[in-house]
Amino acid sequence: METMSLPNKVVIREVGPRDGLQNEKQLLSTADKIKFIQLLVKTGLKNIEATSFVNPKAVPQMSDAGELWKLLSITSDVNFSALAFNLNGVKRAIQAGVKTVVVNVSASETMNLRHSNKTRKESLREMEEILNFAAKENTITRIDLSMVFGCPIEGKLNIDQISFMVENLLKMGIREITLADSAGLGNPRQVYEICREIRNRYPQGEFGLHIHDTKGLGMPNVLAGIQAGFEIIETSVGGLGGCPFIHNAAGNVATEDVVYMLHEMGLDTGISFPCLLDAGYYISGILGRNLVSRQSEICLGQIKG
Ligand code: MG
């Protein structure tokens, strides 16, 4: 029988404490966030985006970033990262002790201007400054390239708009770039073709995929990315969060659902599914709302009988 072409292992990077909670209306205490992160570590997750060093007025959920970082028990086997939007945020993150800083830049010129008041070229120049600063501080810089699979203002981007950013970022020494469907507007064919093309054009780069479930295409988009050879997938427990660009949109694709799918398909993630459910139920209780994850809802039904 002909088999599906898949990698042997997929790395799940949990972004619930950052992208998930950042888009939740309810403000959480730092202690609750720490407990949530501890439960995530217990699942076996080795990559967790814990917070973001952004303007606290714009994103009050993340105003405790420095304090939270101090309270994280950093161990060598879990790679915690934090997001920033500019040099100032990167400096704050590094000062707090962050060793992997994720910097967001948009593949869409319009969205980049709206978000940062900079053209993409201006952002690339700032990125060089950031990279130099971070390198001196022995800090890794990873890029979160947003709007790759569609922008709420510009619509679909063509491959050369995406390549322009990837190529320039790799040239300046960035090793890893996450292609993000920040608004959840991509479809599986497009995700497959863009991921494939970027991998073919830039074999020297490492690439991750960040998917939102706005239109219900989160799971097929993840699968399309994996089939295109992407081995790093960003998800949020419980499908936490929403989308800052689209009212009432769903959040990230749920970690439980992706892990369930991968395990069922015989792919290793190193993650304990029951522990993942526990982390989801904990945060669901704190937020006082049901999770969007299909797996956690099904399993909760089984527990309740
Ligand atoms: Mg996102």
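A residue counts as buried under 20% relative accessible area, as exposed over 50%, and as partly exposed in between. Asn79, at 30% relative accessibility, is therefore partly exposed in this predicted model.

## The barrel

The model contains a closed barrel of eight strands in the order β1-β2-β3-β4-β5-β6-β7-β8, and the pairing is parallel. Neighbouring strands of this sheet are turned by 30° against each other on average, if direction is ignored. Helix α6, which spans residues 120-136, packs on the sheet and touches both β4 (100-106) and β5 (140-146), its direction making about 170° with that of β4. Helix α10 (residues 255-264) lies across β1 and β8 (232-235), and runs at about 175° to β1.

Strand β1, residues 11-14, pairs with strand β2, residues 47-53, in the parallel sense over two bridges, and Arg13 stands opposite Asn47 in β2. Asn47 is also linked in space to Asn79, a residue of strand β3 (residues 79-84): the C-alpha atoms of Asn79 and Asn47 are separated by 4.8 Å, although their positions lie 32 residues apart along the chain when counted as sequence separation. Leaving aside neighbours within four places in sequence, Asn79 is in contact with Lys46, Asn47, Ile48 and Thr100.

## Strand β6 and its surroundings

Strand β6 (residues 176-181) is mostly covered, six of its six residues being buried. The cover extends to both faces of β6, with Glu176, Thr178 and Ala180 buried on one side and Ile177, Leu179 and Asp181 buried on the other. On one flank, β5 and β6 pair in the parallel sense over three bridges, and the bridge partner of Asp144 in β6 is Thr178. Strand β6 also runs parallel to β7, to which six bridges join it, and here Thr178 stands opposite Gly208 in β7.

The two connections that involve β6 are set out below.

| First strand | Helix | Second strand | Handedness of the β-α-β unit |
|---|---|---|---|
| β5 | α7 (residues 159-171) | β6 | right-handed |
| β6 | α8 (residues 188-201) | β7 | right-handed |

## The nonpolar core

The largest nonpolar core has 85 residues, of which Ile12, Phe36, Ile143, Leu145, Val166, Ile177 and Leu179 touch the most other members. Helix α11 (residues 273-287) supplies the largest share of this core, namely eight residues. For Ile143, the contacts beyond four places in sequence are Val102, Val103, Val105, Met127, Leu169, Ile174, Glu176, Ile177 and Thr178. Two of the residues named for the core, Ile177 and Leu179, are among those buried on one side of β6.

## The magnesium site

Which protein atoms serve as donors of the magnesium ion? They are Asp19 (OD), His210 (NE2) and His212 (NE2), and they lie 2.0 to 2.3 Å from the ion. Along the chain, the donors follow the spacing D-x190-H-x1-H. Asp19 lies in helix α1 (residues 16-22) and His212 in the loop between β7 (206-211) and α9 (218-227), so that the pair ties together parts that are 193 residues apart in sequence. Asp19 and His212 are both buried.

The remaining donor, His210, is found in strand β7, and its relative accessibility of 2% places it among the buried residues. Leaving aside neighbours within four places in sequence, His210 is in contact with Val15, Arg18, Asp19, Thr178, Leu179, Ala180, Asp181, Glu234 and Asn252. Among these contacts, Asp19 is itself a donor of the magnesium ion, while Thr178, Leu179, Ala180 and Asp181 belong to the buried residues of β6.

The loop between β6 and α8 contains Gly184, which is buried, with a relative accessible area of 3%. When neighbours within four places in sequence are left aside, Gly184 is in contact with His212, Thr214 and Lys215, and the first-named of these, His212, is a donor of the magnesium ion. Gly184 and Gly218 are 34 residues apart in sequence, and the distance between their C-alpha atoms is 7.4 Å.

Technical notes:
Residues are numbered from 1 along each chain as its sequence is written. This is a predicted model: local features need pLDDT of at least 70, side-chain atom pairs count only at pLDDT 80 or more; totals for chains, interfaces and linings use all residues. Side-chain values use heavy atoms; hydrogens and water are left out. Two strands pair if DSSP finds at least two bridges between them. Helices (H or I, at least four residues) and strands (E, at least two) are DSSP runs, numbered from the N terminus. Axes are lines fitted to C-alpha atoms, for helices over the stretch in contact, and angles run from 0 to 180 degrees between N-to-C directions. Contact means heavy atoms within 4.5 Å. Donors are N, O and S atoms within 2.8 Å of the metal (3.2 Å for Na, K and Ca); water is not among the atoms, so sites may look incomplete. Buried means under 20% relative accessible area, exposed over 50%, partly exposed in between (1.4 Å probe, protein chains only). A crossover is right-handed if, with the strands pointing away from the viewer, the path from the first strand over the helix to the second runs clockwise. A nonpolar core is a set of buried Ala, Val, Leu, Ile, Met, Phe, Trp, Tyr and Cys residues joined through side-chain atoms within 4.5 Å.
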